Number of protein chains: 2
Amino acid sequence: MKARRQLPTQTDVAEAAGVSTATVSRVINNQGAITPSARQRVQEAIERLNYVPHAGARALAMQRTHTLGAIIPTLNNAIFAEGINAFERTAQSLGYTLLLSVSQQDLQHELALVIKMIERGVDGLLLVGNMHEEAVFDRLEQAEVSHVCTWAYDPAARAANIGFDNAQSMHAVVDHLVTLGHHNVGMLAGQVQHNDRARDRVVGVRSRLNHHGLSLSEANIIELEYAIEPSRVALRQLLNRGVTAVVCGNDVIAYGALLEAQTLGRRVPEDLSITGFDDLSLSAQLNPALTSVQVNAVAMGKAAARQLTDAVEGRADMASVQMPTQLVVRQTTGPCKR
Amino acid sequence: MKARRQLPTQTDVAEAAGVSTATVSRVINNQGAITPSARQRVQEAIERLNYVPHAGARALAMQRTHTLGAIIPTLNNAIFAEGINAFERTAQSLGYTLLLSVSQQDLQHELALVIKMIERGVDGLLLVGNMHEEAVFDRLEQAEVSHVCTWAYDPAARAANIGFDNAQSMHAVVDHLVTLGHHNVGMLAGQVQHNDRARDRVVGVRSRLNHHGLSLSEANIIELEYAIEPSRVALRQLLNRGVTAVVCGNDVIAYGALLEAQTLGRRVPEDLSITGFDDLSLSAQLNPALTSVQVNAVAMGKAAARQLTDAVEGRADMASVQMPTQLVVRQTTGPCKR
DNA sequence: TGACGCGATGTATGCGCATACATTGCATTG
DNA sequence: CAATGCAATGTATGCGCATACATCGCGTCA
């Protein structure tokens, strides 16, 4: 499939337009002064031949690819998909194309993907979270590729962050539940092992409970994957331990908890309070509507794309920005009746 | 950000290893015969210098990028996200990187994106549906870029298809409802304008109803965007028209219908039957669990990646494959009581 | 032992483009 | 009218790599 072989090249356009390749290059890149007539002849030739510049050759000559990379844990998570969707749209509108890879939560694999991204010469790279192999940063710095870690905010992070403080975001949740009188709360957490976001959310819940003189016993924390079925199972365990409120690490886990509670005939929120995290659009529609922490994935995606391109084009250096989160109280949380 | 400038090049590696660049290239590409000792020296040099080949230069020299493109309507749709996730994973495992763009259902924009993909020299391209500008195919053929249209199956399509027959997939749904005694059925369809999948699903419902001697009046079809809130509104309209069953163009619309029905105090399925399409993982968990049409997005993504790479590497030509869909009957459909 | 073949490696070239530098032509100025 | 300057364009080069072709060295066989 020697696709390129017969595709028209800049030289073909130059001949067809009766100019030199330099002139063709100039009209394409809008550089230098060009006679209107020459410009027009070139543009017509381009159109007529369906000429398309060769990005690889361009990258070689310019040392720029106009490509942005993103490596995310998975697309099977609506909130990441939403963020990437915004990232792509913004990048596209700024003249950049998206190179996307999924790491499947595997840090070693992520490192390999980062190297691939460097190979492809991405001008900037988006990563998720602050938990990465050190070599990731070493390589990116060596290659001078601008990069940003999203979905987290930590002033001490090695790279610039565009995201929110996962631990602190849980404070409002805990405060809310405590105010409602809950003192035996459980947590259905995402898997913490290679996931600083999930870990920090647990940390946030625990520390804030402590702040209120309460505690989160180890047995009241259950770690599970991003899926409904395991969440249902886990909820039953927590109920056996007599919790009156369940803080979930994300909305999908919360859906599982809510559905299982209903299946078991528990009233929500009268018998059990449940909170989510992410505030997916479905959450507001459920019955009862889910109390959740709203994070602005779209804003993060946009900001990341804008910052990266600003950095690439020399307009500004990468800088961390902390995004707000907001507890949205709906119908799955209520006063503790016990 | 002249990132590349100071990055080690093949020449640096050659020097460090005491060989020529040709030898370096050979060990990298595993070509020709290389003395074990030479190979090792090269590999050590690569490691030591953190050498990374320049994909652009490679593309120039080889007329291949080892990149696969995908242009999808949006990522804010779990089923596409799932399919793309599988596509990426498969492509990655075959040595290809994913270039992803979202068209936002805009065919003109899609054409522009296709041209960008050709610029980037993608070796293969995945598209969604069969509704595209003719120029899309003209360009892809001219550039000899292998491509495939997914999420649809039409033997008459201009490009190879890997997907299912959207119209025919609705037959089982209609048959099911008719068997249950429904004769006044409504449809909440996705937007049909620039979307052959949504359109075909409407066509399938209508033609199959006709087949049973029933009909789907214009007024019983409501077109709406992919979201819950508009679906709730639309459901009320259909209820006013006395429908006993509602066929939805996708699961998200079905969620809206189900939730609204519950809000209005209608019993599902006793008072109203509802069906979805896509069978998202949440659908089986709802209460009542949603009757839906299962499509295998993961299989489509995998198959597309495999076929494209097979074509690129000359192992096989692109060929259409029809994927099955399956009606999964759950609890939102029941006998018509009227 | 000399011719030959083959494995291992090096040399040189071109992929398509951007761009520094050279060149040309023309208007402007004294 | 000659000198000057600048706008418009062309020419030549290199970006980093793969690879065709040339070369070298060594074992093999007659």
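**Exercise 1. Determine how many residues of domain 2 of chain A are in contact with domain 3 of chain A, and describe what the two domains bury between them.**

Step 1. In this predicted model, 18 residues of domain 2 of chain A are in contact (heavy atoms within 4.5 Å) with 16 residues of domain 3 of chain A. Domain 2 spans 66–164 + 297–324 and domain 3 spans 166–295, with bounds that come from an automatic or database domain assignment.

Step 2. The C-alpha centres of these two domains of chain A lie 29 Å apart.

Step 3. Between them, domain 2 and domain 3 of chain A bury about 1,300 Å², 53% of it on carbon and sulfur atoms, where buried area is the accessible area (1.4 Å probe) that two parts lose on being put together, summed over both. On the side of domain 2, A:Ile79, A:Met131 and A:Phe164 lose the most area to domain 3, and together they make up 44% of what that side buries.

Residues are numbered from 1 along each chain as its sequence is written, while chains are lettered from A and ligands numbered from 1 in the order in which they are written. Local features need pLDDT of at least 70, side-chain atom pairs count only at pLDDT 80 or more, totals for chains, interfaces and linings use all residues, and side-chain values use heavy atoms, with hydrogens and water left out.

**Exercise 2. Work out which residues come nearest to DNA strand C, and which helix gives the most to the surface near the strand.**

Step 1. There are 30 residues around DNA strand C (a heavy atom within 4 Å), of which A:Gln10, A:Tyr51, B:Thr23, B:Arg26 and B:Ala33 come nearest. Of the strand's atoms that come within 4 Å of the protein, sugar and phosphate account for 71%.

Step 2. For B:Thr23, a polar side-chain atom lies 2.6 Å from a phosphate oxygen of DNA strand C, and an N or O atom in the side chain of A:Thr9 is 2.8 Å from a phosphate oxygen of that strand.

Step 3. Helices α2 (21–29) and α4 (55–62) of chain A, and α2 (21–29) and α4 (55–62) of chain B, each supply at least two residues of this surface, and α4(A) gives the most, with five residues. Helices here are DSSP runs (H or I, at least four residues), numbered from the N terminus.

**Exercise 3. Find what turn lays chain B on chain A.**

Step 1. A turn of 180 degrees with a shift of 0.0 Å along the axis lays chain B on chain A with an RMSD of 0.0 Å, superposed by least squares on the C-alpha atoms of residues with pLDDT of at least 70 in both.

Step 2. The two copies are therefore related as by a two-fold rotation axis.

Notes:
A polar contact is a pair of N or O atoms within 3.5 Å; within protein, one must be able to donate a hydrogen and the other to accept it, and residues adjacent in sequence count only if both atoms are side-chain atoms.
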